[in-house]
Amino acid sequence: MEGNWIPIAIDMDSVDWRGNTIHLKDVPAIKNVKTGRIRVYPSDVATAEFRMLAAQYDLEPRDIAWLMMLFVKPGVFKEGQVHYKYHLNKMLFYQWQKMVHLDIGETFPHDEFEPAPRGPVPKNLSDDLKRLEKKGMVTLKYKPWGKHPKQASLLTELTPFGLSIAEKLWTVLPEPFKEVTLKVKEVIFPLDPETIRKRVHRDYPEYKETYVELDRD
């Protein structure tokens, strides 16, 4: 850190989006070694709030993004589930991109997205799904659509236990995050793989060369 400022971590009181007082731990900050003044960036406070919420339910902070994507109800469809993993992959990608467009993309924890022949893919999602399945929060079932064993799609659904946690998280999360999540699911959830690929190519041309295979998982 240049000058008289050094990086530190502090515990501090803040308020959530409803104005309720919350206590946050290990918030990144900088301290002036001469004056003792401490500065905290709002984005770091927001990230610490997500981290605190996740810890309350023994979750990784990035779990919140896909749990909420499962939870929200897209129009006439049932809440708490996504029928295809490719839908979940692409919805999480759009969720993150929409948050970036609002200039708050780094204020909420999210997975890393990797370019792949089957499109932008969350790096840790497969392992995260299995981890929360062991916790009894989600069920993972492959539904065949062809004769080959690999010709099947993953149905991911919140259990009653998972649904109860998602409902609690939904009541305390910031409105912009919830609005983006719902809007993205309403748009992407009903689409077929071909339409999703065309949409990604149109919205993010940089994926045209790498996203060449249909994602049917």
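**Exercise 1. Which residues does N89 touch, not counting residues up to four places away in sequence?**

Before starting, keep in mind that this is a predicted model.

*Step 1.* Find the residue: N89 is part of helix α3, which covers residues 85-101.

*Step 2.* List its neighbours. Leaving out anything up to four places away in sequence, N89 touches F113, P120, V121, P122, L125 and D215.

*Step 3.* Check the accessibility. N89 has a relative accessibility of 3%, so N89 counts as buried. The cut-off used here is under 20%.

**Exercise 2. Work out how α3 sits against helices α4 and α7.**

*Step 1.* Take α4 (residues 125-134): its axis and that of α3 come within 12 Å, and they cross at roughly 115 degrees. Angles from 65 to 115 degrees count as roughly perpendicular, and α3 and α4 are therefore described that way. The crossing is right-handed.

*Step 2.* See who makes this contact. From α3 come K85, L88, N89 and L92, while α4 supplies L125, S126 and L129. Sorted by class, that gives four nonpolar residues, two polar and one charged. Our residue from the first exercise, N89, is among the α3 residues here.

*Step 3.* Now turn to α7 (residues 193-203). Its axis comes within 11 Å of the α3 axis, with a crossing of roughly 20 degrees. That angle makes the two helices roughly parallel, the limit for that label being under 35 degrees. This time the crossing is left-handed.

*Step 4.* List the residues again: Y86, H87, K90 and Y94 on the α3 side, and P193, I196, R199, V200 and D203 on the α7 side. The classes come out as five nonpolar, one polar and three charged.

*Step 5.* A bit of helix geometry helps when you look at these lists. An α-helix has 3.6 residues a turn, so residues three or four places apart point the same way. Try reading the α3 residues of each contact with that in mind: K85, L88, N89 and L92 toward α4, and Y86, H87, K90 and Y94 toward α7.

**Exercise 3. Put strands β4, β7 and β8 in order, and find the edges of their sheet.**

*Step 1.* Start with the pairings. Strand β4 (residues 81-82) pairs with β8 in the antiparallel sense, over two bridges. Strand β7 (residues 138-144) also pairs antiparallel with β8, over seven bridges.

*Step 2.* Assemble the sheet: it is open, has three strands and runs in the order β4-β8-β7. The edges are β4 and β7, each of which pairs on one side only.

*Step 3.* Pin the register with a few residues. Q81 stands opposite E157 of β8, and E157 is also the bridge partner of T139. K141, meanwhile, is partnered by L155 in β8.

*Step 4.* Ask how covered β8 (residues 152-158) is. Six of its seven residues are buried, so β8 is largely enclosed by the rest of the structure.

*Step 5.* Add the helix: α4 lies across β7 and β8, and runs at about 120 degrees to β7. This is the α4 whose axis crosses that of α3 at roughly 115 degrees.

**Exercise 4. Describe the β1-β2-β3 sheet and the helix lying on it.**

*Step 1.* Three strands make up this open sheet, in the order β1-β2-β3 and with antiparallel pairing. Its edge strands are β1 (5-15) and β3 (38-39).

*Step 2.* Look at the β1 and β2 pair: ten bridges join β1 to β2 (residues 21-32). One place to check by eye is V15, which stands opposite T21 in β2.

*Step 3.* Now place helix α1 (residues 42-56). It lies across β1 and β2, at about 140 degrees to β2.

**Exercise 5. Where do D58 and D103 lie, and are they buried or exposed?**

*Step 1.* D58 is in the loop between α1 and α2, and D103 is in the loop between α3 and β5 (113-114).

*Step 2.* Both get an accessibility check. D58 has a relative accessible area of 54%, so D58 is exposed; at 71%, D103 is exposed too.

*Step 3.* Look at the backbone. Most residues other than glycine have a negative phi. Yet phi is positive for D58, near 55 degrees, and for D103, at about 65 degrees.

*Step 4.* For contrast, try α2 (residues 63-71): nine of its nine residues are buried, including W66 and F71.

Conventions
Residues are numbered from 1 along each chain as its sequence is written. This is a predicted model: local features need pLDDT of at least 70, side-chain atom pairs count only at pLDDT 80 or more; totals for chains, interfaces and linings use all residues. Side-chain values use heavy atoms; hydrogens and water are left out. Helices (H or I, at least four residues) and strands (E, at least two) are DSSP runs, numbered from the N terminus. Buried means under 20% relative accessible area, exposed over 50%, partly exposed in between (1.4 Å probe, protein chains only). Contact means heavy atoms within 4.5 Å. Axes are lines fitted to C-alpha atoms, for helices over the stretch in contact, and angles run from 0 to 180 degrees between N-to-C directions. Angles under 35 degrees count as roughly parallel, over 145 as roughly antiparallel, 65 to 115 as roughly perpendicular and the rest as oblique. A crossing is left-handed if the near helix is turned anticlockwise from the far one by less than a right angle, and right-handed if clockwise. Ala, Val, Leu, Ile, Met, Phe, Trp, Tyr, Cys and Pro count as nonpolar, Asp, Glu, Lys and Arg as charged, and the others, Gly among them, as polar. Two strands pair if DSSP finds at least two bridges between them.
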